[in-house]
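The following exchange asks how certain descriptive terms are justified by the atoms. Each reply sets a value against the relevant cut-off.

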Amino acid sequence: MEEIGKMVAETAEANEPTLMPAAFIGHGSPMNALEDNRYSTAWRAFGARVPRPRAILVVSAHWYLNATAVTVMPQPRTIHDFYGFPNELFEVQYPAPGLPGLLEEISEAVKPTWVGADTDSWGIDHGSWSVLRHAFPEADIPVVQLSINADKDLDYHFNLGAKLAALRARGVLVLGSGNVVHNLHAVDPHRPDSGFAWAQRFDDSAKEVMLRDPATAHRLRSHPDYSAAVPTPDHFIPLLYLAGLAAASGHETEVLVDGYTYGSLSMTAYTVDVACPGSSEGNRPAAGLPEGVPADSTNT
């Protein structure tokens with residue numbers, strides 16, 4: 001009887017659909033797209049470890065508007081949505097194809113939430129390609145972006161992330177891209193590889209939540225350092241999508257890499273259902289911001 005039970009359990013496990021991993025990446029400066037540092041090394045390690053996705057669905061901090069929408073163009077353009085950086089960065093292209101048909105799958109997964117179709121206004125912004133250029137350098141996997149609806153509260157985004165978990169069984173890699181701590185008004189160029197005390201406190205609390213109980217991630221808004229760490233929610237919200245995915249699956253998240261730059265930016269990244277040993281090796285700090293341009297004018 002015991003042997004039969006074991007066989008049933010093994011059969012059930014074998015019949016479970018393989019879940020595509022998911023991640024949240026702290027992307028920092030767009031210059032990370034060009035540089036080799038401990039963060040870009042971690043992003044490459046992640047890309048090398050995941051099974052080849054059928055498509056990549058990115059929730060980027062830089063597509064923040066008053067609607068929930070999905071890019072549906074067959075060939076999305078590379079968007080250089082920043083200011084004051086060298087020409088070399090504006091010349092970067094990430095020519096990944098789109099996947100218009102993914103809209104139907106997303107709409108089915110998140111119903112009754114309405115999702116609009118963006119046919120020509122957006123594309124692949126730097127919150128996406130600065131990371132994907134390292135993780136998937138061939139740019140041959142379809143990339144679709146999901147906008148962050150600025151009219152909705154944190155609970156909405158967490159719950160939407162949980163609903164997107166269904167796509168993982170269909171070969172879709174869901175990737176959030178932002179920064180847990182993101183305060184451009186407080187940046188200090190003299191702190192290229194360290195964080196202010198308040199930034200560390202909030203990032204540590206977020207880490208404890210993500211590793212132990214991601215279902216409570218949206219409650220970080222009550223943290224005493226939330227207003228300093230998250231003066232605007234656009235870069236924080238992508239973390240909630242991974243928290244929702246993790247909570248829906250009941251699986252633990254892991255830290256891919258962590259650290260700080262310019263005092264007020266956290267570069268911490270998390271993964272679900274993939275181990276990336278050695279991903280945080282190296283000691284080169286994150287890429288910097290352009291000199292002479294105020295950080296809050298760069299759209300970083």
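Q: Why is Arg-201 called partly exposed?
A: In this predicted model, Arg-201 has a relative accessible area of 44%. Buried means under 20% and exposed means over 50%, so Arg-201, at 44%, is partly exposed.

Q: What makes the contact of Arg-201 and Asp-225 a salt bridge?
A: The side chains of Arg-201 and Asp-225 meet at 2.9 Å, N to O. The cut-off for a salt bridge is within 4 Å, and therefore this pair qualifies. Arg-201 lies in helix 7 (residues 197–212) and Asp-225 in the loop between helix 7 and helix 8 (226–229), so the salt bridge ties together parts that are 24 residues apart in sequence.

Q: Why does Asp-225 count as buried?
A: Asp-225 has a relative accessibility of 10%. Buried means under 20%, so Asp-225 falls in that class.

Q: How do you know that Arg-212 is exposed, and what is the class of Glu-208?
A: Arg-212 counts as exposed because its relative accessibility is 69%, and the cut-off for exposed is over 50%. Glu-208, with a relative accessible area of 46%, is partly exposed.

Q: What makes Arg-212 and Glu-208 a salt bridge, and how are they placed in helix 7?
A: Their side chains meet at 3.3 Å, N to O, and the limit is within 4 Å. Because Arg-212 and Glu-208 are four residues apart in helix 7, about one helical turn separates them.

Q: How do you know that Arg-54 and Glu-105 form a salt bridge, and which parts of the chain does the pair link?
A: The distance between their side chains is 2.7 Å, N to O, against a limit of 4 Å. The pair links distant parts of the chain, 51 residues apart: Arg-54 is in the loop between helix 2 and strand 2, and Glu-105 is in helix 4 (residues 102–110). Arg-54 is partly exposed at 36%, and Glu-105 is likewise partly exposed at 21%.

Q: How many salt bridges does a search of the whole structure find?
A: The search finds 10 salt bridges.

Q: Why is helix 5 described as mostly covered?
A: Nine of the 10 residues of helix 5 are buried, and buried means under 20% relative accessible area. Among the buried residues are Trp-129, Val-131 and Leu-132. Their cover includes helix 2, strand 1 (22–26) and strand 8 (172–178).

Notes
Residues are numbered from 1 along each chain as its sequence is written. This is a predicted model: local features need pLDDT of at least 70, side-chain atom pairs count only at pLDDT 80 or more; totals for chains, interfaces and linings use all residues. Side-chain values use heavy atoms; hydrogens and water are left out. Buried means under 20% relative accessible area, exposed over 50%, partly exposed in between (1.4 Å probe, protein chains only). Helices (H or I, at least four residues) and strands (E, at least two) are DSSP runs, numbered from the N terminus. Contact means heavy atoms within 4.5 Å.
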